[in-house]
Structures are given as structure tokens and as C-alpha cells.
Amino acid sequence: MALDKIIMDELKASMKSGNQLRTDTLRSLRASLLEYAKSGAKTEMTEADEIKLLNSAAKKRKDAIEMYKNAGRDELAEKEELELAIILEFLPKQLSDDEISDIIKNIISQVSATGPSDMGKVMGPSMKELAGKADGNKVKTIVQNLLSSL
């Protein structure tokens, strides 16, 4: 089932239940989907496009959480955390650190990386392989740690 259909079904259910935060978050996601549809891209939205859109929405929430916490606005940070949890429901299951490390170790051996100077050679394929399955900052940290231990 397409993401837009799933979000519409969830939106209807949240409106009936009266969950305002969930309704607002789903409306935001729906607006992003509509924006993509009207952007002039002549292609249908692929699963990769859907994941990019959801990751973008999640990243915005993560950035807002960090800014609100730094400013001492815990009530706003908490609201953003709840919105993030709703968005994460639609993303593929996130991999554990060990699963990410195993994938990156395999990529390191494939590209014959020898140390931290090969960060670029490893990050490209790693991000492509782990798109939607792991946070980019987490992948970067794991790649740096693995390359520095070579």
C-alpha cells in the first residue's frame, strides 16, 4: 500500500479518536506528500522517495528537539519527540548498532579501505545500503570508529 493511502487512513482514524497531536503530525506528512506530487516531478513517488520524505521530517524533528533542549524549552522538545515517534512508525525498522557495524565492515572490505582517509569511499556505499534503516549520524560515527581501528 502506498504511503499516501496509509497516512490518509491513519489521519481519518486519528481525527475520529480526537488525538490532536497525531492528527497534526499526519497532516504535516500529508502536506509533504502533496508538495512532492505538485513539485513538477513527472514520476510516481517511489519507496525510496517516501523514505527520503519521512527521513527529512524525522530530521527536522530531531533538530528541533536539540534546539529546544538547548534553549531550556523542555515542553516543546517533548512535543517534538512525540511527533518524531509518530513519524518513525512509517519508516522501516531501524537497525541495531551491531547490525550496522556488520554491514559497514562488509563494505570496508569490499572497497579495500585501509584507514580514516578512506572515509569517503566507505560513507557513500554505506549510506546507500542503510538508507531509511539507520540514522546518518550514527552511520558516520560507526564508520569513523571502524576506520580508525584499522
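Let's start with a hole: the largest pocket in this structure has a volume of about 540 Å³. A quick word on how that is worked out. On a 1 Å grid over the protein atoms alone, a pocket is an open set of points where a 1.4 Å probe fits, with protein on both sides within 12 Å along at least five of seven lines, and lining residues have an atom within 4 Å of a point. Grid points are joined across faces, edges and corners, and the volume is the space filled by probe spheres set on the points.

Before we look inside, please keep in mind that this is a predicted model: local features need pLDDT of at least 70, side-chain atom pairs count only at pLDDT 80 or more, and totals for chains, interfaces and linings use all residues. Residues are numbered from 1 along each chain as its sequence is written, and side-chain values use heavy atoms, with hydrogens and water left out.

So, who lines the pocket? The lining has 24 residues, and Asn55, Lys62, Ala134, Asp135 and Gly136 are those nearest the centre. Helix 3, helix 6 and helix 7 each give at least two residues to that lining, and helix 3 supplies the largest share, with nine residues. Helices here (H or I, at least four residues) and strands (E, at least two) are DSSP runs, numbered from the N terminus.

Now let's step back to the whole chain. What does its secondary structure come to? There are seven helices and zero strands. The C-alpha atoms fill a box of roughly 55 × 45 × 25 Å along the principal axes. Of the 150 residues, 33% count as buried. Buried means under 20% relative accessible area, exposed means over 50%, and partly exposed is in between, with a 1.4 Å probe and protein chains only. Looking at contacts (heavy atoms within 4.5 Å), among those between residues at least 6 apart in sequence, 57% join residues at least 24 apart.

Next, helix 7, residues 136-148. Its 13 residues reach 18 Å from first C-alpha to last, close to the 18 Å expected at 1.5 Å a residue; that expected span is 1.5 Å times one less than the number of residues. Which residues of helix 7 are buried? They are Val139, Ile142, Val143, Leu146 and Leu147. Seen down the axis of helix 7, these buried residues fall within an arc of 125°, so they line one face of the helix. The arc is that of the directions from the helix axis to the C-beta atoms. As a reminder, an α-helix has 3.6 residues a turn, so residues three or four places apart point the same way. And what does that face pack against? The buried residues of helix 7 pack against helix 5 and helix 6.

You can see some of that packing from the other side, at Ser126 in helix 6. Ser126 is buried, with a relative accessible area of 0%. Leaving out residues up to four places away in sequence, Ser126 touches Ile104, Ile107, Val139 and Val143.

On to the charges. The structure holds 13 salt bridges, each a side-chain nitrogen of Lys or Arg within 4 Å of a carboxyl oxygen of Asp or Glu. I'll show you three.

In the first example, Asp63 and Lys59 meet at 3.2 Å, N to O. Both sit in helix 3 (residues 47-70), four residues apart, so about one helical turn separates them. Asp63 is partly exposed at 36% relative accessible area.

Then comes Glu81 with Lys69, at 2.9 Å, N to O. This pair links distant parts of the chain, 12 residues apart, with Glu81 in helix 4 (residues 74-88) and Lys69 in helix 3. Glu81 is partly exposed at 35%, and Lys69 is partly exposed at 45%.

Finally, Glu83 and Lys79, whose closest N and O atoms are 2.8 Å apart. Is Glu83 buried or exposed? Glu83 is buried at 7% relative accessibility, while Lys79 is partly exposed at 39%. Salt bridges that share partners join Arg61, Lys79, Glu80 and Glu83 into one network.

One last stop, at a backbone angle. Most residues other than glycine have a negative phi. Ser112 has a positive phi, near 55°, and lies in the loop between helix 5 (97-111) and helix 6 (119-130). Thanks, everyone!
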